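Take a look at the fold below. The tour starts at the surface, moves on to the whole chain, and ends with single strands and residues.

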Amino acid sequence: MHLSHAIPIIRIFSEAKAKEFYLDFLGFTLDWEHRFEENFPLYAQIKRDDLTIHLSEHHGDATPGSTMFVPVRDIDALQRELLARNYAYAKPGVEDFPWGRNMEVADPFGNRIRFCELSKQ
């Protein structure tokens, strides 16, 4: 038996705002999009490095206001990259905690991504 990486499903309400946040600001790439028919809700897969996320406009797929915990290496480089993009709705800072250094960003739909460079123990 083998368990693979989980793929979080994030509820979105606007394709344009989701693409602005996840692709333009966070630097994900769009792998694919699906709609059952024209003028139906979007379901899409995005990816950056080893992190894959599904974005869904479908009503029952996920709960808005969720949080993802994402381990990272070199959180300072990620912060510099995000700040350089000058996204109007987020200027993330890095906080130190006993378990590591965190940087949290919130998407336009109330979901949060908590990036964490874990402390070496």
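The protein chain exposes about 7,700 Å². Carbon and sulfur atoms supply 51% of that area. Keep in mind that this is a predicted model.

Charge comes next. The protein chain carries 14 positive and 19 negative charges. Take the mean position of each set: the two points lie 4 Å apart.

Now the interior. Of the 121 residues in the protein chain, 35% count as buried; the cut-off here is under 20% relative accessible area.

What builds the chain? Two helices and eight strands. Read from the N terminus, the order of elements is β-α-β-β-β-β-α-β-β-β. How compact is the protein chain for its length? Its radius of gyration is 15 Å, and the globule rule gives 14 Å for 121 residues. The two values are close, so the chain is as compact as a globular protein of that length. Along the principal axes, the C-alpha atoms fill a box of roughly 50 × 45 × 25 Å.

Contacts add the sequence view. Consider the contacts in the protein chain with a separation of 6 or more. Residues 24 or more positions apart account for 50% of them.

Now zoom in on three strands. Strand 2 covers residues 29-34, and strand 3 covers residues 43-48. They pair in the antiparallel sense, over five bridges. For a landmark, find E33: it stands opposite A44 in strand 3.

Strand 3 also pairs with strand 4, residues 51-56. How do strand 3 and strand 4 run, parallel or antiparallel? They run antiparallel, and six bridges join them. Here the landmark is K47, which stands opposite T52 in strand 4. Strand 3 thus has a partner in strand 2 and another in strand 4.

The link between strand 3 and strand 4 is short to describe. The two strands form a hairpin, with two residues between them. In the turn sits D49, with a positive phi of about 55°.

Last, go to the far end of the sequence. Strand 8 spans 112-118, and K120 lies in the segment after it. Is K120 buried or exposed? Its relative accessibility is 84%. The cut-off for exposed is over 50%, so K120 counts as exposed. Compare its place with that of F21. K120 and F21 are 99 residues apart in sequence. In space, C-alpha to C-alpha, 31 Å separates K120 from F21.

Definitions and conventions. Residues are numbered from 1 along each chain as its sequence is written. This is a predicted model: local features need pLDDT of at least 70, side-chain atom pairs count only at pLDDT 80 or more; totals for chains, interfaces and linings use all residues. Side-chain values use heavy atoms; hydrogens and water are left out. Helices (H or I, at least four residues) and strands (E, at least two) are DSSP runs, numbered from the N terminus. The radius of gyration is taken over C-alpha atoms; the globule rule is 2.2 Å times the number of residues to the power 0.38. Buried means under 20% relative accessible area, exposed over 50%, partly exposed in between (1.4 Å probe, protein chains only). Contact means heavy atoms within 4.5 Å. Accessible areas come from the Shrake-Rupley method with a 1.4 Å probe; for residues, only the protein chains shown count as cover. Lys and Arg count as positive and Asp and Glu as negative; His and the chain ends are not counted. The place of a charge is taken as NZ of Lys, CZ of Arg, CG of Asp or CD of Glu. Two strands pair if DSSP finds at least two bridges between them.
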